[in-house]
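Reader: Could you take me through one part of this model closely, the surroundings of the ligand, and then show me how the rest of the fold sits around that part? I'd like the cut-offs spelled out as you go.

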Amino acid sequence: MEAAPTTSAPEARSHAAEALLFARNFLRYPHMLGSIMPSSRYLVDAVLEPVDWSRARVLVEYGPGVGTFTAEILRRMRADARLIVIETNDEFVKFIGSAFPDKRLSVEHDSAENVARILQRHAHARADYVVSGIPLGSMPRQLQADITLASRTGLEPSGKLLVYQFTSRVLPVLRESFPDVRRGVVIRNFPPARLFECSTAVPAPAWAQGRSA
Ligand SMILES: C[S@@+](CC[C@H](N)C(=O)[O-])C[C@H]1O[C@@H](n2cnc3c(N)ncnc32)[C@H](O)[C@@H]1O
């Protein structure tokens, strides 16, 4: 695996300034953010745990906010991988664009349901991983379904949608598009978060698991 190039940006970031920017936007758009503070490092580690960094070439992040996941994805991903972040909030788009001067990163001021069109524009047929930090469960049901289906369509057959949420409301919608949804909880976050690891591949039946081919 090639070593990822280092950028000075993450070290230069001020966590206090990011927290303030995040909280200010939460007060203006509480339903779009869903939380008053950025995710904890425990949550970041748990959400990114299923990623196979050696094979991930195209990654997408929905709702980067002030870049808590973005920084860690850029730190872990291959030198030849690409990360596209999709964010609706104008202030966060500008912040991410200036805080992460990394050639592997593209910032899209757009909404998650347009992921397929955005991937096409970047000449990528599909993504290996989509990390979703948007408050899906608070969105109208049709939009939840549209975003989930668009994510499935935009993923490689071996790809995964990694979702974190503050409720389990999204589970039925995720199951409509993904045959395999594994769940987890991270208590060390405010608020505690639910994780959903959604795979496009149908899991092998229990009787076949553990057998060699
Ligand atoms: C809970 S915050 C997560 C921020 C950051 N990823 C973190 O974990 O600290 C949700 C983010 O999703 C963004 N967002 C909400 N709806 C969106 C949509 N439809 N498409 C893209 N981003 C969206 C919000 O502007 C906000 O930045």
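Author: Here is the ligand shell, followed by the strands, helices and odd spots of the backbone.

First, the ground rules. This is a predicted model, so to speak of a local feature I need pLDDT of at least 70, side-chain atom pairs count only at pLDDT 80 or more, and totals for chains, interfaces and linings use all residues. Residues are numbered from 1 along each chain as its sequence is written.

On to the ligand. It has 22 residues around it, and the closest are P38, S39, G63, G65 and G133; a residue is near the molecule if its C-beta atom, placed from the backbone, lies within 6 Å of it. By class, the shell holds 11 nonpolar, 10 polar and one charged residues. Nonpolar here means Ala, Val, Leu, Ile, Met, Phe, Trp, Tyr, Cys and Pro, charged means Asp, Glu, Lys and Arg, and the others, Gly among them, are polar. Three elements each supply at least two shell residues: α3 (30-33), α5 (68-76) and β2 (82-87). Those names come from DSSP runs, numbered from the N terminus, with helices being H or I of at least four residues and strands E of at least two.

Now follow β2 to its partner. Strands β1 and β2 run parallel and are joined by five bridges, where pairing takes at least two DSSP bridges between the strands. Across that pair, E61 stands opposite V85 in β2. Strand β1 (residues 58-62) is mostly covered, with five of its five residues buried. Buried means 20 or more other C-beta atoms within 10 Å of a residue's own, exposed means 12 or fewer, and partly exposed is in between, with C-beta atoms placed from the backbone. In a regular strand the side chains alternate between the two faces of the sheet. In β1, V58, V60 and Y62 point one way while L59 and E61 point the other, and all are buried.

Helix α5 turns up again next to α4 (residues 41-48). In α4, L43, V44, A46 and V47 are buried, and their cover includes α5, β4 (127-132), β5, β6 (180-186) and β7 (193-199). Contact is a matter of C-beta atoms, placed from the backbone, lying within 7 Å.

Strand β5 (residues 155-165) is also where P157 sits. P157 is exposed, because it has 8 other C-beta atoms within 10 Å. Leaving aside neighbours within four places in sequence, P157 is in contact with T200 and A201. S199 is 42 residues from P157 in sequence, yet their C-alpha atoms are 8.4 Å apart.

Two backbone details may interest you. The peptide bond from F190 to P191 is cis, with omega near -10 degrees, and P191 is found in the loop between β6 and β7. A123 is not a glycine but has a positive phi of about 65 degrees; its place is in the loop between α7 (115-121) and β4.

Zooming out, the protein has nine helices and seven strands, and buried residues make up 37% of its 213 residues. Mean pLDDT, the predictor's confidence in each residue from 0 to 100, is 90, and 92% of the residues reach 70 or more. One stretch to treat separately is residues 5-11, where pLDDT stays under 50.

Conventions. Contact = placed C-beta atoms within 7 Å.
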